[in-house]
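Please open the model in your viewer and keep the selection panel at hand. The stops below are meant to be followed in order.

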Amino acid sequence: MRILCTNDDGYLSPGIRVLAEAAHAIGPVDIVAPDRERSAASNSLTLHRPLRKRKVPDGTTIVDGTPTDCVILAVMEFLDKRPNLCVSGINHGPNMGEDVLYSGTVAAAIEATILGIPAVAFSYVGSGIEEVEGWQPVVSRLLDQILKQGIPDHELLNVNLPAIEPADVRGVRVTNLGKRRYSDAITRAPDPSGNEYYWIGGGYPHWNGGPDCDFRAVRDGYISVTPLHLDLTSYPRLDHVRGWKLRP
């Protein structure tokens, strides 16, 4: 069992160290991570400049690119053996609902899935990333159970850890994605020269969804595990849209 570990918060994030240590209980771990924070990078690739790597004394490979770049380079160039599993995270902040479409953490797991490697993305819902330190045993046990069950081709798992002490976790819930919208997510202000600028980010999330959605699970003190798949086709709509009889 060989495990690739990456993230979108950068190689210095405490979350990736906790995740790598948790995975190491299962098998050898190779860490290939961005050189700095790449949050909300989604599945972006670096196409218009060369990518560079370097290694730090603990063996971590650092790439000046996105999480997706890291997975592609690790699998196709850096590693002498193809990984059996890719773990991404532990992200500082939740990745629930529509956030999975923007998340670099989830994108790294998606890229591994595209390459035929089982993958799990981990995020911590709390605001203090230092709080993730105590989660190593829980994450290790989760990974062991997931590997025994197996992850189907073209699917991945998105895991969100609640913002409580690991000892207080009430259990694990298998969930669907909730719904999220932000208020006050754009800041508009003048720069020192008086020219207007816009800053996307921040804001206050408002969640909703049914009883089995991800945000309700973590709110209630459970670990949320959401199976995701790569095929975005709306199969129930196929026959309906065919009935439009569209013509060129």
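The tour goes from the whole chain to single strands, helices and side chains.

**Before selecting anything**

This is a predicted model, in which local features need pLDDT of at least 70 and side-chain atom pairs count only at pLDDT 80 or more, whereas totals for chains, interfaces and linings use all residues. Residues are numbered from 1 along each chain as its sequence is written, and side-chain values use heavy atoms, with hydrogens and water left out.

**The whole chain**

Begin with a cartoon of the full protein, which has six helices and 13 strands; helices (H or I, at least four residues) and strands (E, at least two) are DSSP runs, numbered from the N terminus. The radius of gyration is 19 Å, close to the 18 Å that the globule rule gives for 248 residues, so the protein is as compact as a globular protein of that length; the radius is taken over C-alpha atoms, and the rule is 2.2 Å times the number of residues to the power 0.38. The C-alpha trace spans about 55 × 55 × 45 Å along its principal axes. Of the 248 residues, 45% count as buried, where buried means under 20% relative accessible area, exposed over 50%, and partly exposed in between (1.4 Å probe, protein chains only). Among contacts with a separation of 6 or more, 75% come from residues 24 or more positions apart, a contact being heavy atoms within 4.5 Å.

**Strand β1 and its partners**

Select residues 3-6, which form β1. Ile-3 and Cys-5 point one way from this strand, Leu-4 and Thr-6 point the other way, and all are buried. Add residues 29-34 to see β2, which runs parallel to β1 and is joined to it by three bridges; two strands pair if DSSP finds at least two bridges between them. Within β2, Ile-31 is the bridge partner of Cys-5. From β1 the chain crosses through helix α1 (residues 14-24) to β2, and this β-α-β crossover is right-handed, meaning that, with the strands pointing away from the viewer, the path from the first strand over the helix to the second runs clockwise. Now add residues 85-92, strand β5, which is parallel to β1 and joined to it by four bridges; here Thr-6 stands opposite Ser-88.

**Helix α1**

Stay with α1 and display its buried residues, which include Ile-16, Val-18 and Leu-19. The buried residues of this helix pack against β1, β2, β5, β6 and α4 (136-149). At the N-terminal end, Ser-13 caps α1, with a side-chain oxygen 3.2 Å from the backbone nitrogen of Gly-15; a polar contact is a pair of N or O atoms within 3.5 Å, where within protein one must be able to donate a hydrogen and the other to accept it, and residues adjacent in sequence count only if both atoms are side-chain atoms.

**Ser-103 and helix α3**

Next select Ser-103, in the loop between β5 and α3 (104-114). Is Ser-103 buried or exposed? Its relative accessible area is 4%, so Ser-103 is buried. Ser-103 caps the N-terminal end of α3, a side-chain oxygen lying 3.1 Å from the backbone nitrogen of Thr-105. Leaving aside neighbours within four places in sequence, Ser-103 is in contact with Asp-8, Ser-42 and Asn-95.

Extend the selection to α3, where 10 of the 11 residues are buried, so the helix is largely enclosed by the rest of the structure. Its buried residues pack against β1, α2 (67-78), β5, β6 (119-124), β7 (155-161) and β13 (223-229). After the helix comes Gly-116, with a positive phi near 85°.

**Strand β13**

Five of the seven residues of β13 are buried, so this strand too is largely enclosed by the rest of the structure. β13 pairs with β7 in the antiparallel sense over six bridges, and Leu-156 stands opposite Leu-228. With β8 (residues 172-174), β13 pairs in the parallel sense over three bridges, and Ser-224 is the bridge partner of Arg-173.

**The cysteines**

Finally, show the cysteine sulfurs. The structure holds zero disulfides, a disulfide being a pair of cysteine sulfur atoms within 2.5 Å. Why is Cys-70 without such a bond? The closest cysteine sulfur, in Cys-86, is 10 Å from that of Cys-70, too far for a bond. Cys-86 is likewise in no disulfide, and its nearest cysteine sulfur, that of Cys-5, is 7.8 Å away. Cys-70 counts as buried at 0% relative accessibility, and Cys-86 counts as buried at 1%.
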